[in-house]
Amino acid sequence: MEYTKLGNTDIEVSRICLGCMSFGKAGTMHDWTLDESESEKIIRHALDNGINFFDTANGYSKGTSEEYLGRALRNNVARDRVVISSKVYFNEGRLKRSAIMREIDGTLKRLGTDYLDLYIIHRFDYETPVEETMEALNDLVKAGKVRALGASAMYGYQFHNMQIVARDNGFAQFQAMENHYNLLYREDERELIPICRQMGVSLMPYSPLAGGHLARPTWESNTLRGRTDNVVRGKYDRMEKQDMGIVSRVSELAEKHGCRMSEIALAWHRAKGVAAPIIGATKERYIDDAVKSLDVSLSGSEVAYLEELYVPHPVVGAIDRDPEPGVVLLDEKK
């Protein structure tokens with residue numbers, strides 16, 4: 001395993017982050033999530049492979065993702081050997097000060113720890129003043145409940161404005177960006193990613209394999225997730241015709257390199273300067289494949305070949321307004 005520093009901090013993270021949306025009580029968010037025993041097996045396998053970076057959220061499976069992760073880590077590793085990230089937004093009060101203070105305590109309790117290494121705002125809050133949010137987050141850092149701050153999918157100008165408010169007020173700034181980014185969705189290359197690079201913010205994209213579309217040569221999948229995950233369908237199905245050419249090129253290069261398609265897709269992230277793509281894993285071999293991707297090097301011409309067919313996509317990730325209360329699954333195909 002290789003490691004890198006998160007943003008401008010001394011927090012050292014593995015170059016692969018394990019996303020924990022796959023863990024939690026089935027039916028509370030998704031039908032395909034793993035139960036606690038199976039979740040711990042995957043988390044233990046990640047630890048055995050040198051992965052020390054784990055990303056969850058208060059809204060994943062109604063808090064059971066945090067609970068499963070917390071207990072699995074306590075059973076298998078010392079707290080100071082891992083980096084735990086969680087999120088706030090899909091909750092009552094969104095990013096109001098009172099909500100942030102309430103939600104961090106709930107997250108810490110569910111995880112069974114007295115601090116978070118990285119606390120991420122899950123989306124931009126249109127109803128709360130930026131100053132209120134950034135001051136509240138800064139107070140968590142000052143109190144020792146949070147070591148560093150991050151943000152997730154939003155528009156570039158929103159992220160820039162929040163960073164400037166933090167800078168001008170002497171507050172803690174964001175050190176990581178968890179945005180939607182993969183070979184089938186590259187809209188953030190226009191504004192958000194250049195801003196992150198300018199500010200020294202690490203990229204830790206979610207959906208690096210586009211919900212599995214970059215891990216197999218066919219669009220459809222007959223797995224439980226493939227049959228039931230309407231969020232992935234909502235994110236990607238409308239661009240299937242345009243994107244299948246890219247999928248075919250990933251398959252072609254995988255054959256050339258003698259590796260799996262997922263390794264090519266993750267190697268592309270590495271070539272683009274991503275610190276740690278977030279992989280979701282319901283099987284141990286998915287972790288093995290992700291780790292193997294660190295040994296795959298793509299040439300400049302191969303990167304260009306993979307990117308050549310991309311066309312502009314509808315925005316998926318950043319939102320134009322706060323969703324209705326109780327909505328957690330955005331972009332779901334009904």
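Let's start with strand 5, residues 83-88, and strand 6: the two run parallel and are joined by 4 bridges. If you want one spot to look for on your screen, find Ser85, whose bridge partner in strand 6 is Leu118. Please keep in mind that this is a predicted model.

Now, is strand 6 enclosed or open to the outside? Of its 6 residues, 6 are buried, so strand 6 is largely enclosed by the rest of the structure.

Let's zoom out to the sheet. It is an open sheet of 8 strands with parallel pairing, and the order reads 9-8-7-6-5-4-3-10. Which strands sit at the edges? They are strand 9, residues 202-203, and strand 10, residues 278-280, and each of them pairs on one side only.

Further along that order, strand 7, residues 146-152, pairs with strand 8, residues 174-178, in the parallel sense, over 4 bridges. Here you can look for Ala151, which has Met177 in strand 8 as its bridge partner. Helix 4, residues 130-143, packs on the sheet and touches strand 6, strand 7 and strand 8. The direction of helix 4 makes about 150° with that of strand 7.

Another helix to find is helix 11, residues 284-292. Its buried residues are Ile287, Asp289, Ala290 and Val291. What do they pack against? Their neighbours are strand 3, helix 1, helix 10 and strand 10. Strand 10, you may remember, is one of the edge strands.

Next, the aromatic rings. The count is 5 aromatic pairs. In one of them, Tyr89 and Phe90, the ring centres are 4.9 Å apart and the planes stand at 90°, so this pair is edge-to-face, an arrangement that calls for over 60 degrees. Tyr89 counts as buried, with 0% relative accessibility, and Phe90 is buried too, with a relative accessible area of 12%.

A second example is Phe124 with Tyr126, also edge-to-face, with 5.1 Å from centre to centre and 85° between the planes. Are these two residues buried or exposed? Phe124 is buried, at 13% relative accessible area, whereas Tyr126 is partly exposed, at 32%.

Tyr89 comes up again when we turn to charges. Arg94 lies over the face of Tyr89, and the distance to the ring centre is 4.8 Å. Arg79 lies over the face of Tyr115, at 3.9 Å from the ring centre.

Last topic: the cysteines. How many disulfides does a search of the whole structure find? It finds 0. Why is Cys20 without one? The closest cysteine sulfur to that of Cys20 belongs to Cys17 and is 7.3 Å away, which is too far for a bond, because a disulfide needs the two sulfur atoms within 2.5 Å. Cys20 is buried, with a relative accessible area of 0%.

Cys196 is in no disulfide either, and its nearest cysteine sulfur, again that of Cys17, is 16 Å away. Cys196 also counts as buried, at 0% relative accessibility.

So here is a short tour to try on your own screen. Begin at Ser85 and Leu118, the bridge partners, move on to helix 4 where it packs on the sheet, and finish at Tyr89, with Arg94 over its face.

Terms used. Residues numbered from 1 in each chain as written. Predicted model: local features only at pLDDT ≥ 70, side-chain atom pairs only at ≥ 80, totals over all residues. Heavy atoms only, no water. Phe/Tyr/Trp six-rings, centres within 6.5 Å; stacked < 30°, edge-to-face > 60°. Buried < 20%, exposed > 50% of the residue type's maximum accessible area, 1.4 Å probe, protein only. Lys NZ or Arg CZ within 6 Å of the ring centre and 35° of its normal. Pairing = 2+ DSSP bridges. Contact = heavy atoms within 4.5 Å. Axes fitted to C-alpha atoms, helices over the stretch in contact; angles between N-to-C directions.
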